[in-house]
Amino acid sequence: MDYSKLLETAIEAQQFAYAPYSNFRVGAALLTKGGKVYTGCNVENQSFGATVCAERIAIFKAVSEGERDFTAMAVTGSTGKYTPPCGICRQVISEFAPDISLVLHDQQEGMKVVKAGTLFPHRTNYLNKTRPK
Ligand code: THU
């Protein structure tokens, strides 16, 4: 799947964002090595710390269905500016795909692809493994 289609899928997933507190709506689409796509949107909670970002929802949906190999993730946010994953999401993404391609979206600039390893070069990795099998 090409990255613009993956981004379209993230934009579709954004409609399901539950973000009544921040009003910042995020959509994500995660591409597996085998070509499947798992989507995510942010889901907030009035106990703010219980909020989960769109990126982690997509990863957790995929992993919970047996997927562990990912090649790209598209992310879009409702300010229309690039929405790079937060620090917690970078760590979670890096557990499975430390150098995944992140497809970021700005309504003016369009699409930009950055490698996760560039955004998050010093991930927590005390086991010195890509991920435990
Ligand atoms: N959020 C995401 O879903 N992904 C990001 O990359 C940045 C932050 C969500 C969490 C919260 O619901 C809202 O955006 C404001 O932080």
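Let's start with the cysteines: the count of disulfides here comes to zero. Keep in mind as you look around that this is a predicted model. The other topic of this briefing is the ligand, which sits in the largest pocket.

**Cysteines**

- A disulfide is a covalent bond between the sulfur atoms of two cysteines.
- Why does Cys-53 have no such bond with Cys-89? The sulfur of Cys-89 is the closest cysteine sulfur to that of Cys-53, but at 3.8 Å it is too far for a bond, because the two sulfur atoms would have to be within 2.5 Å.
- Cys-86 is in no disulfide either, and its nearest cysteine sulfur, which also belongs to Cys-89, is 3.8 Å away.
- Is Cys-86 buried, exposed or partly exposed? Cys-86 has a relative accessibility of 33%, so it counts as partly exposed.

**Who surrounds the ligand**

- There are 13 residues around the ligand, and those that come nearest are Asn-42, Glu-44, Cys-53, Ala-54 and Glu-55.
- Sorted by class, this shell holds seven nonpolar residues, four polar ones and two charged ones.

**Polar contacts and cover**

- Glu-44 places a polar side-chain atom 2.5 Å from an oxygen atom of the ligand.
- For Asn-42, an N or O atom in the side chain is 2.9 Å from a ligand oxygen.
- Ala-54 takes part through its backbone: one of its polar backbone atoms is 3.0 Å from an oxygen atom of the ligand.
- How much of the ligand does the protein bury? Taken alone, the ligand exposes 370 Å², and the protein buries 79% of that.

How values were computed: Residues are numbered from 1 along each chain as its sequence is written. This is a predicted model: local features need pLDDT of at least 70, side-chain atom pairs count only at pLDDT 80 or more; totals for chains, interfaces and linings use all residues. Side-chain values use heavy atoms; hydrogens and water are left out. A residue is near a molecule or strand if one of its heavy atoms lies within 4 Å of it. A polar contact is a pair of N or O atoms within 3.5 Å; within protein, one must be able to donate a hydrogen and the other to accept it, and residues adjacent in sequence count only if both atoms are side-chain atoms. Accessible areas come from the Shrake-Rupley method with a 1.4 Å probe; for residues, only the protein chains shown count as cover. On a 1 Å grid over the protein atoms alone, a cavity is a set of points where a 1.4 Å probe fits but cannot get out, and a pocket is an open set with protein on both sides within 12 Å along at least five of seven lines; lining residues have an atom within 4 Å of a point. A molecule sits in a cavity or pocket if more than half of its atoms lie within 2 Å of its grid points. Ala, Val, Leu, Ile, Met, Phe, Trp, Tyr, Cys and Pro count as nonpolar, Asp, Glu, Lys and Arg as charged, and the others, Gly among them, as polar. Buried means under 20% relative accessible area, exposed over 50%, partly exposed in between (1.4 Å probe, protein chains only).
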